[in-house]
Structures are given as C-alpha cells and as structure tokens.
Amino acid sequence: MSKVAVLGAGSWGTALSIVLADNGHDVRFWTHRKEQANEMNATNRNKKYLDADIPKQITAYHELENAIDDVSAIIMVIPTKAIREVCNDLNKVLKHTPVIIHASKGIEPGSLKRISQVISEEMDNYDYEDITVLSGPSHAEEVGKRLPTTVTVSSVTSSNAEFAQDLFINESFRVYTSTDMIGIELGGALKNIIALGAGISDGLGYGDNAKSALITRGLAEITRLGASLGASPLTFLGLPGAGDLIVTCTSPHSRNWRAGNMLGKGYKLDEVLEQMGMVVEGVRTTKAAHQFANEQQIEMPITEGLYQILFNDEKPKDVVEQLMSRTKREEMDDISAFKNTDYPQ
Ligand SMILES: NC(=O)C1=CN([C@@H]2O[C@H](COP(=O)(O)OP(=O)(O)OC[C@H]3O[C@@H](n4cnc5c(N)ncnc54)[C@H](OP(=O)(O)O)[C@@H]3O)[C@@H](O)[C@H]2O)C=CC1
Ligand SMILES: O=C(CO)COP(=O)(O)O
C-alpha cells in the first residue's frame with residue numbers, strides 16, 4: 001500500500017481520496033484552507049463539497065510540505081486556473097519526485113496548453129513524459145457513493161499509466177489505460193463546452209432531439225479539434241470522449257450542465273457562477289477552444305455560439321437559430337484535413 005497526497009479539496013479530490021482509501025492507501029488530503037482541514041479531521045466530512053463519510057485512512061492537511069512528505073504519488077485535482085500557482089508552491093517544498101497524476105479538465109486560454117503541459121512546464125524536475133492524466137465519465141457524487149464508474153488513465157509511457165491504474169482500480173472503480181494523452185485530456189476538457197450548451201438547450205425547453213444533436217455534433221467538433229492536434233479520432237469514442245460527453249450533458253450532477261441550464265433560463269453568467277459556488281471549467285475552456293478554432297481555422301460552430309453567449313451577451317435563442325440555419329453540408333468530415341503538425345506535442 002502507498003502513501004499518496006491528493007491536492008485540491010473540492011468534490012473530485014474528495015471522491016478520488018475515498019477510492020484511494022478504499023484501496024488501503026494512506027491518503028494525505030491537502031486543502032489551502034486551514035479551517036477546512038480542521039473541520040474535516042474533526043467531523044470526517046467535507047460538508048461543502050461532497051455528501052459522504054470520509055474514511056479514517058484520509059487525513060486532511062493545510063501545510064503543503066507535510067502533505068507531500070514521503071509520498072509515492074501526488075494526485076492534482078485543482079481547478080485549472082490555479083494549477084500554475086500550486087505547482088509553484090510545490091516546487092518550494094518537494095524534495096523528491098513522486099509520480100504526478102492529474103484529474104483536472106481544461107485548456108489554458110492564451111497558451112492553449114493542456115494540463116499535463118502546464119504541469120510539466122511549471123514543475124522542476126518533471127518532463128511532459130512524467131505526467132499522467134485520469135479522466136472519464138465520473139461525477140464525484142456517484143464515485144463518493146461507490147456506484148460503478150469507469151475512467152481512463154493516460155501517459156506517454158505506458159508504465160506511468162499502469163502505475164495509476166493499479167493505484168485506483170477496484171470493484172466499483174474500473175480503470176483503463178491509454179497512451180493517447182492528447183485525446184484523453186482534450187476529450188475531458190472540451191466536453192464541458194458542449195455540456196454548457198446542453199444545459200442551455202434544456203433551459204430553453206428545446207427537448208431531447210436538440211440535446212442529442214448537440215451531443216453528436218459536439219462530438220464532431222471535439223474530434224475535429226483533437227485530430228488537428230494529433231489525437232486519435234477513436235479516443236473520442238471512448239470513456240473520456242463520448243462517455244464523458246454523455247454523462248456531462250445529461251446528468252444534473254454536472255456543474256457545466258447546471259450552469260448552462262440557468263443561462264438558458266435567462267440568468268446572466270456572473271449570477272450563475274456566483275450561485276454555483278463550484279468550478280465551472282467549461283467557461284474558461286470555451287475561451288481557449290474559441291481562440292484555437294479561430295487561429296487554426298477549425299470549424300467549431302457550437303463552441304463559437306457558446307462563446308457569443310458567454311462573452312458577447314448573445315441571446316441563447318438567437319444562437320440556436322443561427323446554428324440551425326447554417327449553410328447546408330454533408331454530415332461527416334474528412335478528419336485528416338484538420339491535421340496540424342506545428343502543435344507542440
Ligand atoms: N466534480 C467532479 O465530479 C469532477 C471534477 N473534475 C475536475 O476536477 C477539477 C476540480 O474540480 P472539483 O473538485 O469538482 O472542484 P470544486 O469546485 O468542487 O472544488 C475546487 C477546490 O479547489 C480549491 N481551490 C481553488 N483555488 C485553489 C488554489 N489556488 N489553491 C488550492 N486549492 C484551490 C477550492 O478551494 P475553496 O474551497 O477555497 O474554493 C476547492 O477545494 C476540475 O478541473 C474539474 O473539471 C473531473 C472529474 C469529475
Ligand atoms: O467531468 C465531470 C464528470 O465526468 C464533471 O463535470 P462537471 O464539472 O460539469 O460537474
């Protein structure tokens with residue numbers, strides 16, 4: 001059994017800690033808020049973020065130095081906007097090189113980097129090949145209840161992914177491996193854009209046909225962007241692609257779907273984010289994907305529509321009208337037409 005640190009004390013960090021504790025690991029759960037660490041250790045609950053009992057193998061820490069001391073793996077479950085900051089803090093206290101597995105879903109606007117690229121850029125003594133990602137259809141609320149869940153872990157070298165698979169796999173949490181890091185990370189990040197759209201559609205009362213269309217045409221544009229960056233198109237039919245897209249577009253657990261639903265009902269983005277109180281990664285990822293699509297001339301009409309709703313105050317109804325009246329075309333793309341060999345892999 002291993003000593004592992006989980007960094008990020010929200011709903012997903014808590015659920016993954018429960019999986020690790022169930023597997024007998026000694027889990028050091030790090031939060032940047034001292035009062036949260038104290039409350040968790042005193043009550044065995046993480047009240048704000050997940051309705052679940054915290055097993056006794058999990059100890060909450062406030063001091064990063066103590067949380068990572070002597071661990072064999074660090075699991076990073078930080079909202080993507082805070083990843084660079086936490087990596088910088090880690091550099092100051094990390095004296096050894098435990099395996100790093102991240103489970104965050106996003107793309108950085110501006111740099112357009114995936115999270116493994118951001119982590120390897122910031123962390124001293126780590127290269128891109130050293131980073132592993134865990135992704136898939138996995139709402140924390142269900143994982144915390146030990147309901148059957150499947151995810152994929154991926155790293156450029158299969159040995160890191162296999163290490164992560166062994167760490168997490170159990171009878172209610174099945175873990176596959178993949179070496180398509182680009183596809184796995186992009187699938188998890190980009191589905192949040194489409195989930196915002198599905199929530200908007202439901203908020204407008206547009207029904208199941210519209211949502212199914214969004215999921216399917218959303219998958220087409222995710223695949224287009226992913227293939228342009230060197231991902232295997234097949235990855236997007238797997239758990240971190242279609243699997244995560246379906247669960248996020250259809251589950252009321254999804255923060256992205258819920259945020260979209262409120263937008264569809266007429267709330268403003270600021271009000272929505274304030275009411276959510278949890279990270280809605282799709283907002284930031286929409287900005288990044290929109291930038292990428294424009295720079296690389298990738299056709300992403302749903303992402304474009306979402307961008308206009310989120311950042312240019314367009315009315316959801318008008319955007320749907322524009323999507324429905326686009327120039328007529330064939331359904332299937334030639335994915336190879338979008339390959340971009342300049343992208344840093
Ligand atoms: N929830 C889920 O089911 C899943 C989530 N994910 C991904 O996991 C990542 C984390 O999401 P999730 O756990 O749901 O988010 P939550 O909103 O539930 O929690 C975010 C946590 O991060 C903490 N945090 C925020 N800023 C910082 C910082 N600068 N330094 C340290 N900690 C910080 C928050 O602290 P504070 O309380 O102070 O705000 C909070 O504990 C996201 O990328 C998400 O897409 C992936 C799969 C499933
Ligand atoms: O990624 C997730 C489930 O796999 C969580 O999605 P939300 O961030 O929309 O809740």
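The protein falls into two domains, with domain 1 covering 3–179 and domain 2 covering 190–337. This is a predicted model, and the division into domains offers a handy way into it. Between the C-alpha centres of domain 1 and domain 2 the distance is 26 Å. Where the two domains meet, domain 1 contributes 21 residues to the contact and domain 2 contributes 22 residues. On the side of domain 1 that touches domain 2, at least two residues come from each of β7 (149–154) and β8 (173–178). Of these contributions, that of β7 is the largest share, at three residues. Sorted by class, the side of domain 1 that touches domain 2 holds seven nonpolar, 10 polar and four charged residues.

Confidence in the prediction can be read at the level of residues and of the complex. The pLDDT averages 96 over the protein, and 98% of the residues score at least 70. For the complex, the predictor gives an ipTM of 0.99 together with a pTM of 0.97.

A good place to turn next is the sheet. Eight strands form an open sheet with mixed pairing, and reading across it gives the order β3-β2-β1-β4-β5-β6-β7-β8. The edges are held by β3 (58–61) and β8, each of which pairs on one side only. From one strand to the next, the twist averages 25°. Strands of a sheet pair through backbone hydrogen bonds, in either the parallel or the antiparallel sense. Both senses can be followed here by walking along the strand order.

Beginning with β1 and β4, these strands pair in the parallel sense over four bridges, and Leu7 has Met76 of β4 as its bridge partner. On its other pairing, β4 joins strand β5 (residues 99–102), again in the parallel sense and over four bridges. Met76 appears here too, standing opposite His102 in β5. Met76 is thus a helpful landmark for the eye, with Leu7 as a bridge partner and His102 opposite it. Further along, strand β6 (residues 131–135) pairs with β7 in the antiparallel sense, over three bridges. Within this part of the sheet, Val133 stands opposite Ser154 in β7.

Helices pack against these strands. Helix α10 (residues 239–250) packs on the sheet and touches β6, β7 and β8, with its direction making about 145° with that of β7. Helix α1 lies across β1 (3–7), β2 (26–30), β3, β4 (73–76) and β8, and runs at about 170° to β2. Both helices also take part in the ligand sites, α1 in the shell around ligand 1 and α10 in the shell around ligand 2.

Around ligand 1 there are 27 residues, of which Gly10, Trp12, Ala82, Ser104 and Met278 come nearest. Two elements, α1 (11–22) and α4 (83–93), give two or more residues to this shell. The most come from α1, which supplies three residues. In terms of class, the shell around ligand 1 is made up of 12 nonpolar, 11 polar and four charged residues. Why does ligand 1 lie between domain 1 and domain 2? Both domain 1 (3–179) and domain 2 (190–337) give residues to its shell, so ligand 1 lies between them.

The second ligand can be described in a similar way. Ligand 2 is surrounded by 13 residues, and the closest are Ser138, Thr248, Ser254, Arg255 and Asn256. The elements giving two or more residues to its shell are α8 (181–204), α10 and α11 (255–264). Among these, α10 gives the most, with three residues. The shell around ligand 2 divides into three nonpolar, six polar and four charged residues. Ligand 2 likewise lies between the domains, because domain 1 (3–179) and domain 2 (190–337) both give residues to the shell around it.

Seen as a whole, several elements recur from one part of the description to another. β7 pairs with β6 and also supplies three residues to the side of domain 1 that touches domain 2. β8 is an edge strand of the sheet and supplies at least two residues to that side of domain 1. α10, in turn, touches β6, β7 and β8 while giving three residues to the shell around ligand 2.

How values were computed: Residues numbered from 1 in each chain as written. Chains lettered and ligands numbered in written order. Predicted model: local features only at pLDDT ≥ 70, side-chain atom pairs only at ≥ 80, totals over all residues. Domains from an automatic or database assignment. Contact = placed C-beta atoms within 7 Å. Nonpolar A, V, L, I, M, F, W, Y, C, P; charged D, E, K, R; others polar. Near = placed C-beta within 6 Å. Pairing = 2+ DSSP bridges. Axes fitted to C-alpha atoms, helices over the stretch in contact; angles between N-to-C directions. pLDDT = per-residue confidence, 0-100.
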